Amino acid sequence: MAKGYWVSVYPAISDPEELTAYNELARPAVQAAGGRVLSRGGRRVVAHEAGITQRVVLVEFDSFEQAVAAYESEAYQKALVALPDGFERDFRIVEGIG
């Protein structure tokens, strides 16, 4: 069964402290759904094409379906409400290969 991944890229973060409430809710929601954070923040980034070097988060799940269910979970939906107004991110759920 192919794994599922959450891929989030944050094009700009004016104040990282504004993410505190979201992070405090999202972290346990992701863990409870079986997600494993593989990368968060991107301490070392080499940017190409669009040149975005800001925060990148990669979360792995045992299946694509599990990744979708985690996003749709009540716990994660509460975390989404905590994202600051005007906050921008590119969030995708993708299926791994085999």
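This is a chat about the sheet, the helices and the largest pocket of a predicted model.

User: New to this one. What order do the strands of the open sheet have?
Analyst: Keep in mind that this is a predicted model. The open sheet has four strands in the order E2-E3-E1-E4, and the pairing is antiparallel.

User: Which ones are the edge strands?
Analyst: Strand E2 (36-40) and strand E4 (90-95), each of which pairs on one side only.

User: And what does the twist average from one strand to the next?
Analyst: The average is 15°.

User: How many bridges join E1 to E3?
Analyst: Six, with the two strands running antiparallel. Val7, for example, stands opposite Leu58 in E3.

User: OK, and how many bridges are there between E1 and E4?
Analyst: Strand E1, residues 4-9, pairs with E4 over six bridges, in the antiparallel sense. One to look for in the structure is Gly4, whose bridge partner in E4 is Glu95.

User: What holds paired strands together in general?
Analyst: Strands of a sheet pair through backbone hydrogen bonds, and the pairing can be parallel or antiparallel.

User: Switching to helices. Which strands does H2 lie across?
Analyst: Helix H2, residues 64-72, lies across E1, strand E3 (56-61) and E4. Relative to E4, H2 runs at about 150°.

User: How do the axes of H2 and H3 cross?
Analyst: At roughly 55°, and the axes of H2 and helix H3 (residues 74-81) come within 5 Å. H2 and H3 are therefore oblique to each other.

User: Which residues meet there?
Analyst: From H2 you have Ala70, Tyr71 and Glu72, and from H3 there are Glu74, Tyr76, Gln77 and Leu80. Sorted by class, that contact has four nonpolar residues, one polar and two charged.

User: Now pockets. What volume does the largest pocket have?
Analyst: About 240 Å³. It is lined by 18 residues, and the closest to its centre are Tyr22, Ala26, Val30, Val37 and Val57.

User: Which element gives the most to that lining?
Analyst: H1 does, with six residues. At least two residues each come from E1, helix H1 (20-32), E2 and E3.

User: And how does the lining split by class?
Analyst: The lining of the largest pocket has 11 nonpolar residues, three polar and four charged.

Conventions
Residues numbered from 1 in each chain as written. Predicted model: local features only at pLDDT ≥ 70, side-chain atom pairs only at ≥ 80, totals over all residues. Heavy atoms only, no water. Pairing = 2+ DSSP bridges. Axes fitted to C-alpha atoms, helices over the stretch in contact; angles between N-to-C directions. Contact = heavy atoms within 4.5 Å. 1 Å grid on protein atoms, 1.4 Å probe; cavity = no way out; pocket = protein on both sides within 12 Å on 5 of 7 lines; lining within 4 Å. Points joined across faces, edges and corners; volume = space filled by probe spheres on them. Nonpolar A, V, L, I, M, F, W, Y, C, P; charged D, E, K, R; others polar. Parallel < 35°, antiparallel > 145°, perpendicular 65-115°, else oblique.
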